Each structure stands twice: as structure tokens, then as C-alpha cells.
Amino acid sequence: MSRDAWKGRDVISILDFSRQELESLFEAANAFVGPPRPRNDLADYIVATAFYEPSTRTRLSFTTAALRLGAKVIDLSPDVSSILKGESLHDTTMMLEGYSDLIVMRHPSEGAALLAAELSSVPVVNGGDGSQHHPSQAMLDLFTVRRLKGRIDGLTYTVLGDNRYARSATSFLYGLAKFKPKMVYIVSPETLRPRDEITKQLKGLGLRFELRSDLEQVMGSTDVLYLTRIQKERFPDPNEYEKVKGSYKLTKDVLSKGKSGFIVLHPLPRSTELPYDVDSDKSAAYMTQAHLGVPLRMALLLKIIGGGKA
Amino acid sequence: MMGITTVSRRGGQSPNEDKTTMLVRKIPDGSVIDHIAAGKALSVLRLLGNPQENGFTIALVMNVSSSKMGRKDIVKVEGLEVSQEQVQKLALIAPRASVNIVRSYRVIAKRNAVPPRTLRGILSCTATTCVSVREKDSAPSIFFLSGRSPLRYRCKYCGRALDEKEISAQLG
């Protein structure tokens, strides 16, 4: 990949990136894993965070990544900004464009980051748009698999949970489609299966996957178990949420059926699907996954703003 | 003269029409829109801006048999040449439609309805959480053609697909 392929680029969907570009990102991120060293690569730059929805890991790991590279960070808080007065995404984006060198945006509407990217002359990184995309999470998830399992290809993945509304799960599946997994099992209750347009797209991308409803049937062959919580906030009908609430849960008993060396990933936050007693199991990798968000996003920022010199 | 002539028996006038008897006279000048799915003729008129309201004479031939389509409608608009842009829009509700432009009783041009690759501001996304719905004052609706038969368009912003029935419902 040439150095300039990343420079100034928007990050809207992981589908926009080639395998080679992702591997280049992972290589760059590897250099940032471990004790941090002071860096000033982005000392002349300002990163804006604009989160219209709650966030802990995405917001803070982008902020930490920017600070560790010497950049300054400004933050748009929807609850104390003119958004409360009804300011449009259009006008807000035009302001952020003038005040910063890169915008990280999370928004409850699908397509918000794409719209912002069309409006903005500075790069926009999608920190999650509705139930659609969360590209940097998917990059982080694949990076975690690569570090912990040594490879992404040839493994069997089980994506368990809310595969209908969880953008992390969708983006992870899209990311897997860039590689060559041995098999992907998409396990969820009937009503939480991926939307038709997603399964069609996955088929079009050539991803080998099966829709399943029983986790135990696939645990024995799973190398990576990717779990998501039910996205209560995205259900159009609260009654539908009540029907599936608590419909799946990872237990020690289920974990004991896993193959040797398998890992459990979760984008967090968790709900009842991931009890705290799983944390002590050797398969639990989700805290490591969350921590790797900083080096991954350092590499991402550096590549986009710094022109690929990560 | 203005008004709409409707014909409910087998009949037609289109040069491409099947073996049917002529029930509507030929038009000296104007447009003959053939191969409209049965029942869609009035929607086609609406899409053309209801030309009868501007003084044009209209003939509707509805539910005639067609070897290609089973049943179909035909619309003739006397004195109005349907533009290429209108033909493209026609494709949204009558994707198999063909338009003959007539001058002095002769067909001087044939235009097939070809669905546009991109639609701006014509359709609305049905996903209530799509940015094109929530920020509609500043975000235009943009759809990309994702299937011709059956007709499907995909929202640029949220990826939600609209099928033929939904497209017709919005435009008809």
C-alpha cells in the first residue's frame, strides 16, 4: 500500500478498505502496543470528537490515542451545545470542519457519518452510525484476533447475539469478509438475525457463513466467539425487546464445551449475556480487546492525518 | 378538446401491441406509452403531472392482454412528447414501459423506460432512523439502483432497499 492511500481518508465502513490496507493498519498498530512512549507526531493537529450517543471505549480510546500522539482534542457535547437548540448535523459538521483536522463522530442515525464526510473537507471517522457501521471497532476486533490467534484466515468464528441491530457485529462480519475464515456461524434468536440486506451483502462478498440458533452445537469448532448485547435502545417496539430479553447467555458450562485455545470477544458494554464470572476464564479476551483500541486508533489517526507514516 | 377516454374492452393502437383490435384512434402527435403493468395507467398519468389537467387529451387502455406481460395498460397523450427525464421516472413504476413519440401519425422516436442509476430527492427512505429522514431539510434522499427485475433501489445512507411495491406506493 502506498503511503498516501490513507492520507485524508474518511473511515465510514470497513467495506471501504482492502485486506492489504487493513493489514498495513495492523502492522502499524503493533508498534504502539506496550508501554507508551511520548510522541509528537500530531502535535500540530486537533481532533474533534462529536458523540451524539453515549460512548466509553470508542470516545476515550480515540481521545487517548490522539493525546498519546501529541494532538489536541476538542469535544462536542450534544447536551451543552447548539444541538439542543435544534442545530442540524449539516451546520454542526460545518463548524467542526473549521475547528479541527479530523472529526470522530457517533450518531444515532444510519448514514450520519457518511453525510458528514460529504460535507466536511477534513476526514470523518465513523464512531458508529445507528445500527449500521462501526468500522474502527471492527478493525480493532480483527487486530485483536490477529494478535491473540496469530492469524485471521482459516479460523472458525461464531458471532452470537443481536446480529440485527448491533453495528459492531455487522461490521465484524463485513471485516471477516475481507479475509478467509474457515467458517462463520451467526447465532441468534430468530428475530435478532441479520437484516436481509446484510446477509445478501455477505453472500455477495463471498463470506462462508451459516445462520444458527444453538450456540452449543458450534462451540466445539469455534476459535473466536464474538458476543454482543441486545441493543435495547434500537428496538422500534419495546415489546419486541421484551420477547428476546435474556434469550442468550454465556455460561461457564457453555465455555467448558469450547475447543482448546478459543477466545471470547465482546465490544462492550455488556449486559446479562456476559456474566462477570466469565472474566476469570482463560478464554476471556474482551478486556485486552478494549485496551488494544488505543494502539489501533493511534495507527488509524496517524495514517489518516499523518499521511500513512505510522 | 380535453379529457380522458377509457376503454375497458380488448383494444389498442400501439405499434407494438399484441393482436388486439383498435379501440382508440391513432393520435396525430404526442406519446404512446405501452407495456405499463396492468392497473398502473393512472399512476403513470400522475407521474407525468396529470397532463389532462393542462388541456391534453388522454386515452387510457386498461387491462388488455399481452403476450409479454399477461395484462397491461396503455396510455396515449395527444400533443405531448414525453421527455427523456419523464421516461426515466416512468421506469420507477412501469419498468417495462416503452414510449413512442408520434408526429404526423408516424412514430419518430422510441424511448424505453430505463431506471436511472441514481435518484435524488424522488424517493424517501422508509427507515425512520436513516439520516436522510431525520435530517431531511439538509440531507437529500439519494437512492442507487440495485436491481432491475424486480426493480429495487438502495438508500445511499442506510442501505435500506425499496422494492417495486414500495416505490409504486410512494410515486403512485
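Visitor: What makes up chain B, in helices and strands?
Guide: Chain B of this predicted model has four helices and ten strands. Starting at the N terminus, their order is β-β-α-β-β-α-β-β-β-α-β-β-β-α.

Visitor: Why are S5(B) and S6(B) called a pair?
Guide: Two strands pair if at least two bridges are found between them. Strand S5 (residues 98-103) of chain B and strand S6 (residues 106-112) of chain B have six bridges, so they count as paired, in the antiparallel sense. One of the links has B:Val102 with B:Val107 in S6(B) as its bridge partner.

Visitor: What do S5(B) and S6(B) form, and how many residues lie between them?
Guide: S5(B) and S6(B) form a hairpin, with two residues between them. In the turn, B:Ser104 has a positive phi of about 50°.

Visitor: What share of chain B counts as buried, and what makes a residue buried?
Guide: A residue is buried if 20 or more other C-beta atoms lie within 10 Å of its own. Of the 172 residues of chain B, 40% count as buried.

Visitor: How many residues does each chain give to the contact between chain A and chain B?
Guide: Chain A gives 13 residues and chain B gives 15 residues. On the chain A side, helix H3 (89-99) and helix H4 (112-119) are the elements that give two or more residues. The largest share there, three residues, comes from H4(A).

Visitor: Which classes of residue are on that side of chain A?
Guide: The side of chain A that touches chain B has five nonpolar, six polar and two charged residues.

Notes: Residues are numbered from 1 along each chain as its sequence is written. Chains are lettered from A and ligands numbered from 1 in the order in which they are written. This is a predicted model: local features need pLDDT of at least 70, side-chain atom pairs count only at pLDDT 80 or more; totals for chains, interfaces and linings use all residues. A residue is buried if 20 or more other C-beta atoms lie within 10 Å of its own, exposed if 12 or fewer, and partly exposed in between; C-beta atoms are placed from the backbone. Two residues are in contact if their C-beta atoms, placed from the backbone, lie within 7 Å. Ala, Val, Leu, Ile, Met, Phe, Trp, Tyr, Cys and Pro count as nonpolar, Asp, Glu, Lys and Arg as charged, and the others, Gly among them, as polar.
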